[in-house]
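Let's take a stroll through a protein model together. Have the sequence and the 3D view ready, and keep a finger free for finding residues.

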Amino acid sequence: MDDAQPAHRARPARYVPRLLGATLLLPLLFAAGHARAAAPAAPETHPGQAALVREVAKDTGKSAWALNKLLNGAKMQQGIIDAMNRPAESKPWSVYRPIFLTEDRINAGAEFYRTHRALLDGISRKYGVPAEYIVAIVGVETFYGRNTGKYKVLDALTTLAFYYPKRAPFFREQLKVLLELPPNHLAGPLDTLTGSYAGAQGWGQFMPSSIRDWGVDYDGDGRIDMKGSMGDIFASVANYFKEHGWQTGGPVAARAQPDRRAKAPAVPKDWHTVAPVESFVATGFAPVQHLDPGRDAQLLRLDGPSGDEYWFTFQNFYVITTYNRSPMYALAVDQLAQAIRARVNGPGAR
């Protein structure tokens, strides 16, 4: 019956409630919208997490929810920051060298070389990097795989990216790269990876950007496995050196003997070679062994057990400092490599 009523009568009875409803709802809707606009973002588990997640999601298309879930599970660890603040490289050379140049480490390196010799020599020929230097890197970094690190990589990089201002930009970038790496560049699920307190992974202790840029799938299984594949580990180290300018057959470092004219050199900003050996000879630093006087070099001073030690360093020394910027690290790798080579091939072998 109501439907048969004239329109001008029926409309008020049907529309007024709707208008009233709309009228009543508008403030509520406005209030709700205003509340959404004004509502603070969900609290971050780590300061700066939201911005990083937005960047990774935009670059890769990965789920922001999944990325947040990963980072929400990462723990800030004060012990990681403490470890960063007391690196071995803060020790003098007289203390640093005996850490790595032990009979145990040299013997283990020689045995490791013999065990993997065919693979190492093949990779050495392909990349032009002596096998003993690949072995020495693995030996200094992880004692030939015995100690690849106990920290969760996600915890380490999250801690250093968000709670270590001194080097936060570098570690934030490493965390971003880690989140962006495809699964076939990792040794396992991202939240299960372990490594050093600095977030380095595998036997060669590669940072995420190094895995991305210089990691090698040498065994051809479709994965870059820095923990489980000897071929991938050795080839990745060799490829890193080659791509950073390793000179096949070139020297790494050679002892310099100062005379009364010599003055201690300033610490350079990096270990690029700067002048020919003969220019250092002219200022009172003589080579202890024969060197090409025209070869470009840099001069290094270290606190040795008997006082100042001086070393000519060359392009290959610089390459090792791109792996770890400490000149003591580079010299320890060089001396460990020479000791392993002598142990395997006999003294004086080259």
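What follows covers the whole chain, then its largest pocket, then two residues in one helix.

First, some ground rules. This is a predicted model, so to speak of local features we need pLDDT of at least 70, and side-chain atom pairs count only at pLDDT 80 or more, while totals for chains, interfaces and linings use all residues. Residues are numbered from 1 along each chain as its sequence is written, and side-chain values use heavy atoms, with hydrogens and water left out.

**The chain as a whole**

The chain has 15 helices and seven strands; these are DSSP runs, numbered from the N terminus, with helices being H or I over at least four residues and strands E over at least two. Of its 350 residues, 45% are buried, where buried means under 20% relative accessible area with a 1.4 Å probe, counting protein chains only. Take the contacts (heavy atoms within 4.5 Å) between residues at least 6 apart in sequence: 70% of them join residues at least 24 apart.

**The largest pocket**

Which residues lie nearest the centre of the largest pocket? They are E89, E141, Y197, A198 and N324, out of 46 that line it. A pocket here is an open set of points on a 1 Å grid over the protein atoms alone, where a 1.4 Å probe fits, with protein on both sides within 12 Å along at least five of seven lines; lining residues have an atom within 4 Å of a point. The lining splits into 22 nonpolar, 16 polar and eight charged residues. For that count, Asp, Glu, Lys and Arg are charged, Ala, Val, Leu, Ile, Met, Phe, Trp, Tyr, Cys and Pro are nonpolar, and the others, Gly among them, are polar.

**Two residues in helix α15**

Helix α15 spans residues 327–345 and holds Y329; Q335 sits in α15 too. Here are their contacts, leaving out residues up to four places away in sequence.

| Residue | Relative accessibility | Touches |
|---|---|---|
| Y329 | 2% | E89, Y96, I137, V140, E141, I320, Y323 and N324 |
| Q335 | 13% | W93, R97, L101 and W311 |

Is Y329 buried or exposed? Y329 counts as buried, because its relative accessibility is 2%. Q335 counts as buried as well, at 13%.

Now look at Y329 and E141. They are 188 residues apart in sequence, yet 9.9 Å apart in space, C-alpha to C-alpha. Their side chains are joined by a polar contact of 2.6 Å, meaning a pair of N or O atoms within 3.5 Å, one able to donate a hydrogen and the other to accept it; residues adjacent in sequence count only if both atoms are side-chain atoms.

Definitions and conventions:
Buried < 20%, exposed > 50% of the residue type's maximum accessible area, 1.4 Å probe, protein only.
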